[in-house]
Amino acid sequence: MADREVLTWELFGSASRELATEIAEDGFEPDLILSIARGGLFVAGALGYALAVKNLHVMNVEFYTGIDQRLDLPVMLPPVPQAVDLAGATVLVADDVADTGATLKLVRDFCADHVAEVRCAVIYQKPHSEVDCDYVWRRTDRWINFPWSTEPPVVRRRAQVLDA
C-alpha cells in the first residue's frame, strides 16, 4: 500500500468539507454541480450539501478499464445532459481525481459553449493532468484507493472493471 494514496470514508468527509470551504472562500457560487460518474457522484453530493446547492447533474464518462489502463479517449455515455439545462449557468464540475485530465477536459469543454462559467473541483490531482483544476484538496502522483472502490463488487458482471 506504500505506493498508493489511501482515502478512507472519514478522511473523505474531511477532504470534501475542506474542498467546499476553499470554494466558498473563493467566492464561487455555482448554480449547479455537474458530477462525473462514478467517483464524482460522492464528491458532488458532499459539495452539494456543504455549498447548499441542490441542483446536481450527472455525466457518465467511460475512460478507465483497469489500474492505469484506459481507452484511447474518454467517451460520454447516455444520457448526456441537455445543453439547454446548463444554459447560462455557473457550473462546478466535480470528480474524484484529475489523473490524465482527459475526462475533465471533455466535460469542461462540453460545458464551455453553453454556460456562463465552469470550474472544476477534485479531491486529488496528479501532476501530469492536462487540466489544472480550480479546486484541489490534495496533489499526488500515486494510485489512489478510494473508499467506494477499494472493496470488490458484491456481484460479478461481464466485462466488469475492478479498481478503476
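**Surface patch, nonpolar cores and salt bridges**

W9, L41, F42 and V58 together make a nonpolar surface patch of about 370 Å². Patches are made of residues with over 30% relative accessible area and no salt bridge, nonpolar side chains (Val, Leu, Ile, Met, Phe, Trp, Tyr) being joined within 5 Å and like charges within 9 Å; accessible areas come from the Shrake-Rupley method with a 1.4 Å probe, and for residues only the protein chains shown count as cover. The model is predicted, with local features requiring pLDDT of at least 70 and side-chain atom pairs counted only at pLDDT 80 or more, whereas totals for chains, interfaces and linings use all residues. Residues are numbered from 1 along each chain as its sequence is written, and side-chain values use heavy atoms, hydrogens and water being left out.

Within the patch, V58 belongs to strand β3 (residues 56–66). V58 has a relative accessible area of 41% and is therefore partly exposed, that is, between buried (under 20%) and exposed (over 50%). Helices (H or I, at least four residues) and strands (E, at least two) are DSSP runs, numbered from the N terminus.

The largest nonpolar core (buried Ala, Val, Leu, Ile, Met, Phe, Trp, Tyr and Cys residues joined through side-chain atoms within 4.5 Å) holds 24 residues, of which L7, L19, I23, L47, L92, I123 and Y124 touch the most other members. Two or more residues each come from α1 (9–25), α2 (39–50), β5 (90–98), β6 (117–125) and β7 (135–139). The greatest contribution, five residues, is that of α1. When residues up to four places away in sequence are not counted, L47 is in contact (heavy atoms within 4.5 Å) with S16, L19, A20, I23, I33, A52, L92, A94 and A121. Another core lies apart from the largest one and comprises 21 residues, including V61, V91, F110 and C120.

Eight salt bridges are present in the structure, each defined as a side-chain nitrogen of Lys or Arg within 4 Å of a carboxyl oxygen of Asp or Glu. In the pair R138 and E5, the closest N and O atoms are 3.1 Å apart. This pair links distant parts of the chain, with R138 in strand β7 and E5 in strand β1 (residues 4–6), 133 residues apart. E5 is buried at 9% relative accessibility, whereas R138 is partly exposed at 32%. A network of salt bridges links E5, R138 and R142.

R119 forms a salt bridge with D26, their closest N and O atoms being 2.8 Å apart. Because R119 lies in strand β6 and D26 in the loop between α1 and β2 (32–37), this pair ties together parts that are 93 residues apart in sequence. R119 also forms a salt bridge with E117, at 2.7 Å between the closest N and O atoms. Both acidic partners are partly exposed, D26 at 45% relative accessibility and E117 with a relative accessible area of 32%.

Terms used
Buried < 20%, exposed > 50% of the residue type's maximum accessible area, 1.4 Å probe, protein only.
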